[in-house]
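Thanks for making time for this. I would like to walk you slowly through one structure, going from the whole chain down to one helix and one strand, so please keep the view open while I talk.

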Amino acid sequence: MGTYAMTGGATGIGAAIQQQLVDEGHRVIVVDIKDADVVADLSTRQGREYAVEELRSRAADGLDGYIPCAGLGPSVTPASLITQVNYFAAVETIEGVKDLLIKKGGSVVVISSNSAPMGADPDSVEACLQHDEVKACAIVDQLGEPQNAYGGSKLALTRWMRRNSTAYAASGVRLNAVAPGIVRTPLTDKVMADKALGQVMKDFADTVPVGSLGEPEQIADAVMFMLSDKASFMCGSVIFVDGGHDAMLRPDDF
Ligand code: NAI
């Protein structure tokens with residue numbers, strides 16, 4: 001059985017992924033700000049470095065897969081926290097364990113969002129992709145729109161994944177993304193309870209084409225497939241698991 005590492009395994013989608021990996025008999029090392037094998041605050045550079053150091057010593061023989069799932073929702077302030085956790089923590093920890101993945105021909109699934117193509121400040125996205133954390137954070141804080149920072153963090157992460165998938169594949173490591181829609185998790189509960197965003201989100205939730213919100217296990221099912229050998233020809237792909245929302249909003253874009 002394999003060895004997998006992930007972030008954000010304490011609750012929601014990450015907890016479902018962790019459970020499915022354990023149910024298949026794998027060893028899973030979880031990094032999170034709470035209730036984890038490695039407790040680290042991934043919004044900070046020190047936290048990310050500590051997390052990578054711990055993963056490197058706990059999985060020295062290599063990793064079969066890595067899932068940077070930790071994330072903050074579009075109701076969090078300051079907005080820069082979203083950028084730090086959703087983009088910079090994901091990218092820096094993937095890079096930090098790259099050679100462990102190469103050792104075992106592992107694969108990575110990043111957690112995008114169906115909100116990634118819905119519009120975000122292009123300068124903040126570009127600053128992320130240039131790996132300029134100070135600039136990206138300053139832009140999103142000046143805008144003061146957490147929803148924009150959220151979409152931007154996921155757009156940048158997905159672009160990073162696609163831009164790097166060729167080079168990683170040359171080292172035997174597949175990069176892919178899942179783009180969930182609205183899923184019943186603590187993150188979504190917080191957004192629904194938010195004064196500014198709650199009603200908009202509830203109205204949006206009422207329009208999911210399949211008629212209900214997603215469950216964390218439904219996202220984990222897609223992640224498990226992308227991690228597995230059954231997906232060995234899948235590389236640089238983005239799978240929308242969103243009850244049909246992306247198709248409803250952008251029918252001709254694919
Ligand atoms: P959640 O709030 O249940 O889980 C997020 C996890 O990240 C938690 O375990 C939390 O402790 C951890 N985390 C947050 N800040 C951290 C930090 N500074 N350092 C370390 N760990 C930290 O949320 P959910 O919904 O399960 O989200 C998981 C991923 O799925 C996120 O990347 C989110 O953006 C993404 N997503 C969620 C959607 C939804 O509707 N719930 C839709 C699209 C994407």
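Of the 254 residues of the protein chain, 54% count as buried, and I should say straight away that what we are looking at is a predicted model. The chain holds ten helices and seven strands, and its radius of gyration is 17 Å, close to the 18 Å that the globule rule gives for 254 residues, so the chain is as compact as a globular protein of that length. Taken along the principal axes, the C-alpha atoms fill a box of roughly 50 × 40 × 35 Å. If we consider contacts between residues at least 6 apart in sequence, 76% of them join residues at least 24 apart. As for the outside, the protein chain exposes about 11,400 Å², of which carbon and sulfur atoms supply 51%.

Let me turn to helix α2, residues 45-58, which has 14 residues and reaches 20 Å from its first C-alpha to its last, close to the 20 Å expected at 1.5 Å a residue. Which residues of α2 are buried? They are G47, R48, A51, V52, E54 and L55, and, seen down the axis of α2, these buried residues fall within an arc of 165°, so they line one face of the helix. The spacing fits a general point, namely that an α-helix has 3.6 residues a turn, so residues three or four places apart point the same way. On the other side of α2, Q46, E53 and S57 are exposed. What covers the buried residues of α2 includes the strands β1 (3-7), β2 (27-32), β3 (38-39) and β4 (65-68), together with the helices α3 (79-104) and α5 (133-143).

Now to strand β6, residues 174-180, where seven of the seven residues are buried, so the strand is largely enclosed by the rest of the structure. In a regular strand the side chains alternate between the two faces of the sheet. In β6 both faces are covered, with R174, N176, V178 and P180 buried on one side and L175, A177 and A179 buried on the other.

Which strands pair with β6? Strand β5, residues 107-111, pairs with β6 in the parallel sense over five bridges, and I111 has V178 in β6 as its bridge partner. Strand β7, residues 238-241, also pairs with β6 in the parallel sense, over four bridges, and here the bridge partner of P180 is V241 in β7.

Conventions. Residues numbered from 1 in each chain as written. Predicted model: local features only at pLDDT ≥ 70, side-chain atom pairs only at ≥ 80, totals over all residues. Heavy atoms only, no water. Helix = DSSP H or I, 4+ residues; strand = E, 2+ residues; numbered from the N terminus. Expected span 1.5 Å × (residues − 1). Buried < 20%, exposed > 50% of the residue type's maximum accessible area, 1.4 Å probe, protein only. Arc of directions from axis to C-beta. Contact = heavy atoms within 4.5 Å. Rg over C-alpha atoms; globule rule 2.2 N^0.38 Å. Areas by Shrake-Rupley, 256 points an atom, 1.4 Å probe, with all protein chains shown as cover. Pairing = 2+ DSSP bridges.
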